[in-house]
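Reader: I would like to learn how to read the interior of a protein model, beginning with nonpolar cores and ending with cysteines. Could you take me through the features one by one?

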Amino acid sequence: MHEPPPLQCTSLNFRGFQFAQTMLFAIEEINNSTDLLPGLTLGYKIYDSCGSISRGVRVALALVNGDRGGPLEEPCTRPAQVQAIVGETSSSPCMAIATAIGPFHIPLISHFATCACLSDKVKYPSFLRTIPSDYYQSRALAQLVKHFGWTWVGAIRTNDDYGNNGMATFTATARQLGICLEYSVSFFRTDPPDKIQNIVDVIKSSTFKVIVAFLSHMDLDVLIHQLSHHNLTGYQWVGTEGWIFDSQTAAMDRHHILDGAIGLSIPKAHVCGMREFILDVKRLNLSGDDTFRKFWETLFNCELKQTNSSSRSQRECSGFEDLSGTQNSFTDMSLMPIFNNVYKAVYTVAHALHGILNCNTTCNTKVQLEPFTILHHMKKIRFRTKEGDEVYFNENGDPTAKYEIINWQPTEKGVVTFVTVGHYDASADKQLTLHTKSLVWTQKSHQVPVSVCSEKCRPGTRKVLQKGKPACCYDCVMCAEGEFSNTTDAVTCVQCHPEFWSNGKRDVCLRKNAEFLSYEEVMGAVLAVASLLGSCMTAAVAFVFFKYRKTAIVRANNSELSFLLLFSLTLCFLCSLTFIGQPTQWSCMLRHTAFGITFVLCISCILGKTIVVLMAFRATLPDSNVMKWFGPLQQRLSVLVFTLIQVIICILWLTIAPPFPFKNFKEFKDTIILECAVGSAVGFWAVLGYIGLLAMLCFILAFLARKLPDNFNEAKLITFSILIFSAVWIAFIPAYVSSPGKFSVAVEIFAILASSFGLLVCIFIPKCYIILMQPEKNTKKSIMSRGTLRSL
């Protein structure tokens, strides 16, 4: 079985040539320095892996085994000669090389391999790099996307370790920040055309407006070529350092698909003398190597005169053409930040050797250089370059993550310029800094593009996820009654405090107005005046009765009970005032107990008068002595006992569960009703029930005495007054239940006043009329005569 022939590069890689020139520049600086490795000369050997992983591994193993220029197919038998390897450019070759040389502890230091996977020191113990890990870049990209409010994006990645690992970290971070990916597709530049076309179809059918491209410049070049055929412009591209500052990619984008792109790049750098050294390639001709010929012919698209090639398809050149006037990928110095990383990598190796060899004015060349020792010193190294850049590595062999934020801004001539619009520093408190006013977006717009699955939910609504879709796709639902949300994109609505209510927009809670029947409003003032008027009328009647207390009609109707009844009616009118005003602990207890006791006192007096009428009639019968059983003393005791029972009920009520001020939040959504809760429902209904019981007893006795033969029978007046009393309170129940807020209190006051006026008018006004208007009837003879009382 024969081994395949050695892999040859199909074309000269200008970028690889620039990297090689950078390394030579750093080595010559070090060799000419008297401060770093004095008296020693660094050697080097340069290989082009041609972007092949297998060739890169073979070259690395050849370096480890001290290859001196022989073919790569020769057995690796010689001891290791190389102290460190600078390279590779891509992540996947670095992973393969680091795995192969890891057991030998040969340091591998890369200038452009960013995959976060290479930070794993268990798998890759000898790997270091002078470019930040994608661990930080992926998070920085997610923060950048979040900063502009893009929550619905598409993602395209290179199908290798760089793209897959970087996009995995970006996706995880984006999910934490509330960003959703509609699609995440991958490809490699060598994929068949139908797979590239599938990515184009995905972009055309999608709804996102922002594309996060975790691609190398070579893969993006292939994709841009395909997109240009479909004129897919108008998308906002977000890129990585793999292509965002690549001038070749910008030059290829003739259809301006990437205009307005924004992304992260390695901070700009300048190393004095490096540009001139890279462009000075004529000295390579002195080496006699065929490299110069290939380079020169490729650079100027010509054939050198001294070549014996029979092909004359290209023009001849002398080798002395002026390079300064040439504009191509070799003369383009936009990759200077990466050149600077190569420069730092070489100096890292030199500083490690300087420390191991104990260099001062001279170096101790007798020290045995072991790869593990060199690797250990490189990990601990800390120095500054001549430009002031500090170089050191963390525990994972990575430098501090710092990026510039680049924006592609087309000029009037159609040429793209890379404008720095911000910075990202992973070690700073405020990691992301942006100058948004200087940004230019896709299609030369100055408005930030919008890329969301659903518009933001305004305050007063909440998000409800759409079934089967990512969390960024939702509907906005109005908050329920009594709930609010005062932020956009609220996940839940917040319950308003009971003393607040949500307005019609549901975006804020407003304090409810406290409502109670007060003296300041018209209704409260009218009821208070009516209460005082009733008290004055009662006092006027009492004055009339007192003035004419010796007349027959006053004496015949038990003047003592009459005055006590007038006193209780006065209290009934005045107790209604306790229902007006803001409820307090004392007013709530007073209004119910005063109402219960005064009305019982009133009904007790009426009941006593009714019994007196019945007893008086029985006393006119032969051999009847009933009046001695219900004389003045018994009348007083009956009133006292009936009232005392109500007093006991009220005391028990106030002791066990008294009425208390209560805020009613349920009656109205925007109003708090300040009212008195009854406390114990049993106590409340016991007070009312007792009043009703006495009223019913009084009505029954008065009804039985209504047809007694006296000309002035007070039982008729009592019957009518109790009928009015009962009618008022029976009508009170539905009116009270159906009346909202303070109107329920007004209904209760009205019932108290109406029933009190009914008792006053029905019982006392007819008597006052006779006393004042018909004094001729105010005689014992007229009262005692039998017949119908026509005047009443």
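Author: What follows goes from the cores to a buried polar residue and then to the cysteines. Please keep in mind throughout that this is a predicted model.

Reader: How should I read a nonpolar core, and which residues have the most contacts inside the largest one here?

Author: The general idea is that, in soluble globular proteins, nonpolar side chains tend to be buried together. In this structure the largest nonpolar core has 121 residues, and those with the most contacts inside it are Leu37, Ile156, Leu223, Trp237, Trp243 and Phe330. The element that gives the most to this core is helix H11, residues 336–356, with 13 residues. There is also a second, separate core of 64 residues, which includes Ile603, Ile606, Ile691 and Val747.

Reader: Which residues does Trp237 touch, if residues up to four places away in sequence are not counted?

Author: With those sequence neighbours left out, Trp237 touches Ile156, Ile211, Ala213, Leu220, Leu223, Leu227, Trp243, Ile257, Leu258, Ala261 and Ile262.

Reader: Turning to a polar residue, is Asn407 buried or exposed?

Author: Asn407, which is found in strand E13 (residues 402–410), counts as buried because its relative accessibility is 0%. For a polar side chain in such a place, the next step is to look for its polar partners. A polar atom of the Asn407 side chain lies 3.2 Å from the backbone oxygen of Gly260, and the side chain of Asn407 also makes a polar contact of 2.9 Å with the side chain of Gln409. Its surroundings, not counting residues up to four places away in sequence, consist of contacts with Gly260, Ala261, Ile262, Thr417, Phe418, Val419, Val421, Ser438, Leu439 and Val440.

Reader: How many disulfides does a search of the whole structure find, and how is one of them to be read?

Author: A disulfide is a covalent bond between the sulfur atoms of two cysteines. The search of the whole structure finds eight. One of them joins Cys359 and Cys363, with sulfur atoms 1.9 Å apart; the torsion about its S-S bond is about 120°, so this disulfide is right-handed, and both of its cysteines are buried.

Reader: What is the handedness of the disulfide of Cys496 and Cys509, and which parts does the pair tie together?

Author: The sulfur atoms of Cys496 and Cys509 are 1.7 Å apart, and the disulfide is left-handed because the torsion about the S-S bond is about -70°. Cys496 lies in the loop between strand E19 (494–495) and strand E20 (500–502), whereas Cys509 is in strand E21 (residues 509–511), so the pair ties together parts that are 13 residues apart in sequence. Cys496 and Cys509 are both buried.

Reader: Where in the chain are Cys588 and Cys676?

Author: Cys588 is in helix H16 (residues 585–619) and Cys676 in strand E24 (residues 671–677), so far as the model places them, and the pair links distant parts of the chain, 88 residues apart. Their disulfide has an S to S distance of 1.9 Å and, with -80° about the S-S bond, is left-handed. Cys588 and Cys676 are buried as well.

Reader: Why is the sulfur of Cys602 not bonded to the closest cysteine sulfur?

Author: The closest cysteine sulfur, in Cys572, is 4.8 Å from that of Cys602, which is too far for a bond. For Cys605 the closest cysteine sulfur is in Cys602, at 6.8 Å, again too far for a bond. Cys602 is buried, with a relative accessible area of 0%, and Cys605 counts as buried at 0% relative accessibility.

Methods: Residues are numbered from 1 along each chain as its sequence is written. This is a predicted model: local features need pLDDT of at least 70, side-chain atom pairs count only at pLDDT 80 or more; totals for chains, interfaces and linings use all residues. Side-chain values use heavy atoms; hydrogens and water are left out. A nonpolar core is a set of buried Ala, Val, Leu, Ile, Met, Phe, Trp, Tyr and Cys residues joined through side-chain atoms within 4.5 Å. Buried means under 20% relative accessible area, exposed over 50%, partly exposed in between (1.4 Å probe, protein chains only). Helices (H or I, at least four residues) and strands (E, at least two) are DSSP runs, numbered from the N terminus. Contact means heavy atoms within 4.5 Å. A polar contact is a pair of N or O atoms within 3.5 Å; within protein, one must be able to donate a hydrogen and the other to accept it, and residues adjacent in sequence count only if both atoms are side-chain atoms. A disulfide is a pair of cysteine sulfur atoms within 2.5 Å.
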